[in-house]
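Q: Please take a close look at a single part of this structure. I should like a connected account of how that part is arranged and what surrounds it.

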Amino acid sequence: MDPDTEVESIFTQENEEEHEEKKKWKRPPSSYGSMKSESDVMEDEKGSDEEVAAAFPPPFPVVLPELTTHEGTGLQMIRSESPETHYTMTTQQTRPPGAVVIDTRSSDLGDFSEVDEEDPDEVLVADSPEPPEPVEPDEETDANSQPGKLHPEQDLPHLFKSIQDTLTGLTREELLKFKIWFYQWETRITLKQVNEGDLLDFVDRILETLGQDRSLLHTISTLENVNKKPEADELREKCQRALVRFHLKQYLIGKHQIIREGIVQAGRQNLLDHVYIQPNISTSGYGGIDPYHELRAQPPSPVQVPSADTFVGVNNLFRLQKDDGKPVRTVLTTGIPGIGMSVSVGKFCLDWAELRANKDLQFVIKLSFRTFMYVRNKKPLSETMSIMEVIEYFYPDCKGMKYLEEENCKFLIIMDSLDVYQGPLDWENAPVINDNHTKAHPDVLIVNIIRGTVLRGARVWILGRRAAVSEIPSQYIDVVTEIQGFSDEMKDEFLTKRFSDAERAARIVAQYKRQPTLCMLARQPFVCWMVATVFERCFRYQGYGVHPPRLTPFFVSIMTVQTNRRLEFYYDMSDNNLKWSNDDKQLLSRLGKMAFKMLERNTSVFFEEDVKECSLKLKEVAVYSGMCTELPAAAPDGRKRFCFVHYTLQEFMAALYVFTMFRIESKNVLDSALLQKPKLFSFKDQTKSALGLVHCALARTLGSPLGHYDMFLRLLCGLLNPDCHESQLRGCLYSHNAPKVGGLDEVQQLLEQAIQTAKENNRDRVENLKECLREMTQEHE
């Protein structure tokens, strides 16, 4: 059949009266062509457009073009020159039975007589009384995949219909005034877009151009500006669920879009999406400790490592299932300090806010334990508050969230940093609260949220260091996950992704790989960031990179940063006021003393009695210090086990203790290991000088199996390097006017002599002794 004849035959089937009505209200094409504009039934106002414009002059001279009309079929057509919305694409996937299908892709409306019948995929549905529901690909609606499906009241069709219905109630003059105000305060909309077409086209264009959230907010504000507050309130009420989601999205984007790393530098910001590498997260937690060591085949205490088939993506945590097949409600995520828990939370929130994942979660509300701690300490609020009052206190735009009590409302509460909360949580005796409006102490609210009696419909994500989260009874937790850190490929990707200069990134990756222990430590994203920061600065200097990097400065930096974080996170000290008190120095000294005793016993595990023996508090060591963690499996006798986050860090803390005792108190705690009187110097001098200190350490090392004291010796020699004890440690562990360490030339001669002797008797010690010498003598380039 001839195309023109086919089109003509279609209209002969229309009622003559309806045909005349369509001719009366001719519309330019719209990508929402399957919808009928309710402006079709509006009464025609008397007077020309010029007279209306004169009656309501805009704030500035505006020439309104005459609304164009086109003779033809009266059916809606695709505007190929305008960007397609998501709804445009999905509309073309659904055809009601008996719908008329016409292809109209020509940008020139005068060429409409040509109809291409050979491409049925590029079609548009006509004569549909209501917009069809969006059809999403199968992979989006699968409960075990991403990104999920929006709630109908938060999706595009509902927002489109709500805005359209509200504006339909305006008279012709009021609509014109609304459009002028809308155009005046929205620079991304052109005057042609505002005035071309009818109401349906206007709503279509603003949603295409501005997006759902901005279109809704700007429509509401413009209605209020043109004295249509009742209509604005009506639209606000219709789209309340979408508005609440928008405010939560804005908060999370503002909170997590830019990642805060170390000391914030003016003018330098990193977007989280640009630097984020997702770490391995396992559903089988063994403590998160890396068991590998540069000089030991096996660690003193064996540690299990989860297999790759237990790994799960951060955005899939709430798509896991319990053993009975039901969806999980409460997910607990833990890991060693610096493993990336806070950054993973930020990525989850950002992906949700930007509709990249978990769209089926209507709301994501972040109520960190730091938030509850603030409420607890703030009087009189600390006495009694309901959970809804807590939410409204920190999210004022979300006031009156009645949706949280609906059975079909799927939302998430994120409770991170449990270790920050210092109040007592009585899991057995805390009173039970059965609704969201009962006021209670924050300690009681927290227990009831995790129990599931408050915010019953919520998914709950709890994060914290293991020594803190292990206090939660297991019956309240559905899944325990553990962040394992970076694989070797992830480390390289992290370091490469951060730099726009590919050559510099390649040099940084090659440089850090020259130090095997540094490669192991970089499994922690925190250390990986430190590697990137240090080497970025170092490679600015000409000639850097000839020698491998020294290991000791990195350990000093790790200890310093973790101590500063302890003061900032747990004691609310500001960035510019992180001054170490005597108690802070004592903590590090006693922690080093415990590490040294563990080294002497050749063990990597300690217990609560070991902590008390060194006059330490368990929570300060296992939670706040940032250098220790709790192991998930208890000892055979039921005692809780703890360890340093890496065995090499334990060796460093032992070396730091020995060095500070020598530097501050002039004591050589190694003198008991002296096996025989040396030939080159007297025993008396040995306990008073750096030479004697290293001689004792060397005697212990050579008299023990390979790996027992070798790394300890290397790090002790590294601390003797002036770059470490003069630049990094001065002013932290001891005063600025402390005397310099002398006699380093004699120490160098001793090490050189030990290397020559080892070449003849202990060849397996040679490489480490060379590293000891390099750690002590290599200058900062």
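A: Two strands are said to pair if DSSP finds at least two bridges between them. The model is a predicted one, and the part chosen here is the sheet that contains β5, together with the helix that packs against this strand.

Strands β5 and β10 run antiparallel to each other and are joined by three bridges. One residue pair shows where they meet: I281 has I483 of β10 as its bridge partner. In general, the strands of a sheet are held in pairs by backbone hydrogen bonds, in either a parallel or an antiparallel sense.

This pair belongs to an open sheet of six strands, ordered β5-β10-β6-β9-β8-β7, in which the pairing is mixed. At the edges stand β5 and β7, the latter spanning residues 363–366, and each of them pairs on one side only. From one strand to the next, the twist averages 20 degrees.

Helix α19, residues 488–497, brings further contacts to this region. Its buried residues are M490, K491, D492, F494 and L495. They pack against both strands described above, namely β5 at 280–282 and β10 at 479–485. The buried residues of α19 also pack against several helices: α13 (272–275), α20 (502–512), α21 (516–521) and α22 (525–538). Edge strand β5 thus has β10 as its antiparallel partner, while buried residues of α19 pack against β5 and β10.

Key: Residues are numbered from 1 along each chain as its sequence is written. This is a predicted model: local features need pLDDT of at least 70, side-chain atom pairs count only at pLDDT 80 or more; totals for chains, interfaces and linings use all residues. Side-chain values use heavy atoms; hydrogens and water are left out. Buried means under 20% relative accessible area, exposed over 50%, partly exposed in between (1.4 Å probe, protein chains only). Helices (H or I, at least four residues) and strands (E, at least two) are DSSP runs, numbered from the N terminus. Contact means heavy atoms within 4.5 Å. Axes are lines fitted to C-alpha atoms, for helices over the stretch in contact, and angles run from 0 to 180 degrees between N-to-C directions.
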